[in-house]
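Biologist: Could you take me through one part of this model closely, and then connect it with the rest in one long answer? I am in my first year, so please explain each term as you use it.

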Amino acid sequence: MIPAAFEYVRPASVEEAVAALAEAGEDAKAIAGGQSLMPLLRLRLAYPDALVDLERIGELREIRDDGDALLIGATATHHQVMRDPLVREHAPLIAAATATVADPAVRHRGTFGGSLAHADPAGDLPAAALALDAVVLARSVRGERRIPAAEFFVDWMTSTLEPDEVMTAVRIPKLGAGWGVHYEKFHRTAQAWAIVGVACAVRRERGAIEDARVALTNMGPVPVRASAVERFIEGRTVSENSFRSAGERAAEGTEPPTDLHGSSEYRTHLATVLTTRALTAAATV
Amino acid sequence: MTAAPEAGAPEVGAPRRRSEDARLVTGRTRWTDNMQPAGTLHVAFLRSPQAHARIVRADAERARERPGVVAAFTGADLADEQGSLPCAWLVTDDIKHPDHPPMAVDEVRYAGEPVACVVARDRYAAFDALEEIDVDYEPLAPVVDMDAAVEDGSPLVHEGLGTNKSYTWVFENGDLDAALRDAPVVLERRYVQQRLIPTAMEPRSVLCVPEGDEFTLYSATQIPHILRLMLATVTGIPEHRLRVVAPDVGGGFGSKLQVYGEEVIALLLARRLGRPVKWTESRSEGNMAVHHGRDQIQRLTLAADEDGRIRGLKVDLLADMGAYLMLVTPGIPILGAFMFNGIYKMDAYSFTCTGVFTTKTPTDAYRGAGRPEATYAIERLMDELAAELDLDPIEVRRRNWIAKEEFPYETVAGLTYDSGNYEAATERALALFEYDKLRAEQADRNERRDPVRLGIGVSTFTEMCGIAPSRVLGSLSYGAGGWEHASVRILPSGKVEVVTGSSAHGQGHETAWAQIAADRLGVPFEDVRVLHGDTAIAPKGMDTYGSRSLAVGGVALYAACDKVVDKARSIAAHLLEAAEQDLEFTGGRFGVRGVAGEGATLQEVALAAFAAHDLPDGLEPSLDSDATFDPDNFSFPHGTHLCAAEVDTETGMVRLRSYVAVDDVGKVVNPLIVEGQVHGGLAQGIAQALYEEAVYDAEGNLTTTTMADYLLPSAADLPEFTTDRTETPATSNPLGVKGVGEAGTIASTPAVVNAIVDALRPFGVSDVPMPCTPERVWRALRGERGERGGEGAEPGAGGGLGSAGGAR
């Protein structure tokens, strides 16, 4: 289909972008790779009055070391992120989840920040960001905000990003030594969205799990931390049994949707199986 | 890799790379949507958001006032000139055949049916203006379930018909009651062939250019010749004032074997406005409005003896027509009537098919068209029979199939299979597959209670193609014949133009036809140009579908080449001052038997014919020849396909581990093209087994309008295919060819589902409805039946792009 008409602005700096969004008002949208927004425009499911294109702003694409964390620029492409040596070393869970996003063509255009801002519960990166306690940095004419991932996703396709805010970067605390990670994605075809996904990072010490971060994709309107799993597994010895018992707690407190790709009941079941697998894989890396 | 054959070696049989691919793959070619004559106007269609409703009021006035808009019409505005879309296959005398206006006038009967259109200076303006068209609908009851639709008291799709049954078609042979009576084994099964959306890579597109009272219509169609005749019939524009061009066309799979309302409307708009008009569909529009495929409920009864020999088969079908009968809608399930018996011998057979109207997109031909549905049924039943009798599925087939020495064989369905060798194909497939080794692994996994089980699926299929003998089509009430035409023109320089009535849309005719002509005429491959797909250039043809191009059109070319050689022989004899019977034609040159050095090449003869200075009295100064071939019989490709599937019993996920396809498509002109057809066919058949399904909700809305919800596999989702061939020539044509366009699709679906069920039999599972989604497999393992995972699903609710817009 064909999008409805919209104004188009292509600022050269973050300052210009922030100003453009402030001027355009409530019905403006920032666009970067366009891999999520363009289909919505074409299907006329979204009708923004104006698009502010962030593609020309070089500083938004940078990935850099920030001491105890990484700063991933909002418009760094998936392709860039998954191959970046810093990301692979300090945030391997992000690299692993990113490698499962759609297909190479999408990964060359789609952006890290864009997929967080889109806040699709079936997206792979929100759960990974949540598991790692990422912090979103956003700027507007009113100043800069730091939004923890746990507060960023508020509802189906809705984040706390204000209409006049530009996401500039995402701060990912580094994982230290001893961590293993895994992103377990369950989908029917290579390019399809996750029916359920599990983002998992665990720290092993002396044959036991000392620390665990587990977040779930598509088990509700927003990505969710599997807190019951984390609580259960922390301090337990690494064994098939403990991972299985931990997995059984995966769906606690979730409200998975029913759609064409799976019922709520099936997703609940999948979460338990996939969480067990993700823990096992992360702990044996 | 592969290249041209050595000089002097035969072209036929050489794995030549396709000469058309460079332009097709890069897109540097004439797709219909690439063409933009000066002044072209763009059309957009407003489509019904409701499955079934009365149109109370439709008003396009405000749309006409929008900037850039040239005209806007509702169905009522064009009611007097738009006519009714044709159905050319009225399978019974008393078939119910409702009118089908290209744009709905009084009532809409499926979501996505066109109700109005806008013509504007660009696509954007046309699309924007659609939102200004007011249509008031009075909802009527949707009819979405075939079983319910045929019950008394069901809401009706067409009130005036008094029933939702379009027709009932029956074929019977042998005494089925006797076969069933006291049969030691009687299997009763109900299988559902889900509705599929054809999804060609190139969406539909049509451009109509008026010149005075003549029109050139470019369309992404498989059938320029049939379309021309039908457009003339529907609109009253004389056939000789219409030229239809199918430029390069990016796939069809049957979906472009159609006369679409959008094509008729484009022609009418070009006539009204006197300017070129173009319409190209979007993917989501196409999912709703391209005709769909399959959609049958099959009730099957198989009677067999204790040793596994089949006594008889009863087939009772409900076939979903959708809301209207389109070009060959009613005939599609009837093509399957002759295939439910597969490669097996039996005494009695009964086939009954009822065509049912529903408030859904009309169905029609989709790759295989009737034969995949039939093959699925019989091949699933053979596995069920093997399980019932605790026989190996290969063995139960062996006990029933037609032995190689029994050909030609008249089947219980009344066809004569001319040739085949099921033993050879099966032996080869078993060896390539390492059947015994995989069976051992399967037993081991079962023994260990491995959470991932292995299943082996068998499909020993045949199909009827090379459509078709005109007399047979006539006896089935089809509205046309099944011949094909070819012309060969020898240019003065000796170069060759081949004109074929078979219109390629991705099959590689330009390469294969040149290979045939090069061999028959003894000219280099590069000297042959193949022309097709334009009624002004290739005026006569029956087009491309039903795996007919080579087995009918290729044979016409073969015959036309022979006529050229015959004509050339007379001239050569005159030039060489020899008797015709003393000439021999080899390697493109006439030589005189016993006289070394004497001879004339075809090029020399062609030049002599062109100059015409010195020709025998009474001889036409031309070598050009035409031939029209009408086969005496169908052709019957067959093969043995074996699939190994790993089923994760914890999640229900199916992973295909290996797939062996040994096909017998007769003689092969280009093995590389055959290989490509088999690969693509397998992907499409596997997709029915695992991925694809057009889903309608209870209100009749199509919920799979985007490719996020209508899943298609890519190479990443498919196993490496092991393909091989046995070669049993067809006896029905001089090339010995059978056709390969649909074989892979027909064979693979049951092979995959048989493999899944085989993996799950230790859990008491005997069926998984298609597509075998992980959730359905999981539910089958939990002992649940049912045809749909995610009942009451809200599209898009789970995230992903989804079809969040429904039938927008």
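Modeller: Chain A has 12 helices and 14 strands, where helices (H or I, at least four residues) and strands (E, at least two) are DSSP runs numbered from the N terminus. The model is a predicted one, in which local features need pLDDT of at least 70 and side-chain atom pairs count only at pLDDT 80 or more, while totals for chains, interfaces and linings use all residues. Residues are numbered from 1 along each chain as its sequence is written, and chains are lettered from A and ligands numbered from 1 in the order in which they are written.

The part to look at closely is helix H8 of chain A, which covers residues 124-131. Because 8 of its 8 residues are buried, H8 is largely enclosed by the rest of the structure. A residue is called buried if 20 or more other C-beta atoms lie within 10 Å of its own, exposed if 12 or fewer do, and partly exposed in between, with the C-beta atoms placed from the backbone. Among the buried residues of H8(A) are A:Asp124, A:Leu125 and A:Pro126.

Just after this helix comes A:Asp133, in the loop that leads from H8 to strand S6 (135-140) of chain A. A:Asp133 has 16 C-beta neighbours inside 10 Å and therefore counts as partly exposed. Its phi is near 55 degrees, a positive value in a residue other than glycine. Most residues other than glycine have a negative phi, and most peptide bonds are trans.

Now for chain A as a whole. Of its 285 residues, 56% count as buried, and the C-alpha trace spans about 55 × 45 × 30 Å along its principal axes. The radius of gyration of chain A is 19 Å, which agrees with the value near 19 Å that a compact globule of 285 residues would have; this radius is taken over C-alpha atoms, and the globule rule is 2.2 Å times the number of residues to the power 0.38. Among contacts in chain A with a separation of 6 or more, 64% come from residues 24 or more positions apart, two residues being in contact if their C-beta atoms, placed from the backbone, lie within 7 Å.

Chain B offers a second case of positive phi, B:Ser547, with a value near 45 degrees in a residue other than glycine. B:Ser547 sits in the loop between strand S21 (528-531) and helix H16 (549-576) of chain B, and it is buried, with 31 other C-beta atoms within 10 Å. Further along chain B, strand S22 (residues 583-586) and strand S23 (residues 589-592) run antiparallel and are joined by 4 bridges, where strands pair if DSSP finds at least two bridges between them. S22(B) and S23(B) form a hairpin with 2 residues between them, and B:Gly587 in the turn has a positive phi of about 55 degrees.

Chain B also contains cis peptide bonds. One runs from B:Ile467 to B:Ala468, with omega near 0 degrees, and B:Ala468 is found in the loop between strand S18 (452-462) and helix H14 (470-475) of chain B. Another joins B:Met770 and B:Pro771, with omega about -10 degrees, and B:Pro771 has its place in the loop between helix H19 (743-760) and helix H20 (774-781) of chain B.
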